[in-house]
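Welcome! Take a moment to turn the model around on your screen, and then let us walk through some of its features together.

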Amino acid sequence: MSAIEDKVERLESILGQFIVHTDVILRRLENAHKEMNRQWAALAKKMGTLDEDLIAPATRSVLSKYFKCEPSYRGIRILKRVNGEDYEVDVLVVCEDKVFMIEVRSTPKVEYVDEIIEKAAHFKRFFPEYADKELILIYGSIVFPENVINYASKKGLYLMAYREWEYMDIINFDEVMRSGL
């Protein structure tokens, strides 16, 4: 009987150690999982701002080329709060007589054209310091499908994207100018 009791005690001891080690490993896995989720969240946030980070540096040359103005100010992710209401502009560029509201989307869609135009209707309420400047809207992304290009051009919204994968450009400038909006 003693040999069986010894084996049972050893099995209980081994099982106890197994449970303790399993608990430690599960806690480490849980911490690793939390860290992985934190890193995924940071990556997702960065991916959400990546397009803005690509488009903003191109504004000086693109706006100079098409609108004949030299930017005196450029800001990324500009947030204004008026009476408890928030208004964010992805890229804001100011020239002598013009102000550019550039809204950036990583996945371009037709419905964003209308959203950007609607958002612009409130721009000068949040930025009254630019009331004397012409507001020019630009929708920025890496590439645009043809249906978005056509719709934005008809609505008078400039599109800024890579042209032939070389660098950023206003890809529908002539079309918007022809639309007369």
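The side chains of R125 and E85 meet in a salt bridge, with 3.4 Å from N to O. R125 lies in helix 4 and E85 in strand 2 (residues 85-94), so this pair ties together parts that are 40 residues apart in sequence. Please keep in mind that you are looking at a predicted model.

**Salt bridges that reach across the sequence**

- How exposed are the two partners you have just met? R125 has a relative accessibility of 43%, so R125 counts as partly exposed, since that class runs between 20% and 50%. E85 counts as partly exposed too, at 39% relative accessibility.
- Salt bridges with shared partners join D90, E103, R105 and K119 into one network.
- A search of the whole structure finds 14 salt bridges.
- Another salt bridge is formed by the side chains of R77 and E52, at 2.5 Å from N to O. Here R77 lies in strand 1 (residues 73-82) and E52 in helix 1, so the pair ties together parts that are 25 residues apart in sequence.
- Is E52 buried or exposed? With a relative accessibility of 6%, E52 counts as buried, whereas its partner R77 is partly exposed, with a relative accessible area of 32%.
- The side chains of E129 and K80 also meet in a salt bridge, at 3.2 Å from N to O. This pair links distant parts of the chain: E129 sits in the loop between helix 4 (123-126) and strand 4 (134-140), while K80 is in strand 1, 49 residues apart.
- Both ends of that link can be checked for exposure: E129 counts as partly exposed at 42% relative accessibility, and K80 is partly exposed with a relative accessible area of 24%.

**Patches on the surface**

- Which residues gather in a patch of negative charge on the surface? They are E5, D6, E9 and E12.
- To find this patch, you can start from D6, which is found in helix 1 (residues 2-55). D6 is partly exposed, with a relative accessible area of 42%.
- A nonpolar patch is also there to look for: L15, F18 and I19 form it on the surface, and together they have about 330 Å² of accessible area.
- L15 has its place in helix 1. At 48% relative accessibility, L15 counts as partly exposed.

**The two sides of helix 5**

- Helix 5 covers residues 146-155, and V148, I149, A152 and S153 are buried in it.
- Where do these buried residues point? Seen down the axis of helix 5, they fall within an arc of 125 degrees, so they line one face of the helix.
- A general rule helps here: an α-helix has 3.6 residues a turn, so residues three or four places apart point the same way.
- What does the other face carry? The face of helix 5 turned away from its buried side has the exposed residues E146 and K154.

**Far along the chain, but how far in space?**

- K65 and I170 are 105 residues apart in sequence, and their C-alpha atoms are 9.6 Å apart in space.
- You will find K65 in helix 2 (residues 59-67). K65 is partly exposed, with a relative accessible area of 48%.

**Positive phi angles outside glycine**

- R77, the salt-bridge partner of E52, has a positive phi of about 55 degrees although R77 is not a glycine. Its place is in strand 1.
- N83 has a positive phi as well, near 50 degrees, and N83 is a residue other than glycine. Look for N83 in the loop between strand 1 and strand 2.
- Is N83 buried or exposed? Its relative accessibility is 82%, and exposed means over 50%, so N83 counts as exposed. R77, by contrast, is partly exposed, with a relative accessible area of 32%.

Conventions:
Residues are numbered from 1 along each chain as its sequence is written. This is a predicted model: local features need pLDDT of at least 70, side-chain atom pairs count only at pLDDT 80 or more; totals for chains, interfaces and linings use all residues. Side-chain values use heavy atoms; hydrogens and water are left out. Patches are made of residues with over 30% relative accessible area and no salt bridge: like charges are joined within 9 Å, nonpolar side chains (Val, Leu, Ile, Met, Phe, Trp, Tyr) within 5 Å. Accessible areas come from the Shrake-Rupley method with a 1.4 Å probe; for residues, only the protein chains shown count as cover. A salt bridge is a side-chain nitrogen of Lys or Arg within 4 Å of a carboxyl oxygen of Asp or Glu. Lys and Arg count as positive and Asp and Glu as negative; His and the chain ends are not counted. The place of a charge is taken as NZ of Lys, CZ of Arg, CG of Asp or CD of Glu. Helices (H or I, at least four residues) and strands (E, at least two) are DSSP runs, numbered from the N terminus. Buried means under 20% relative accessible area, exposed over 50%, partly exposed in between (1.4 Å probe, protein chains only). The arc is that of the directions from the helix axis to the C-beta atoms.
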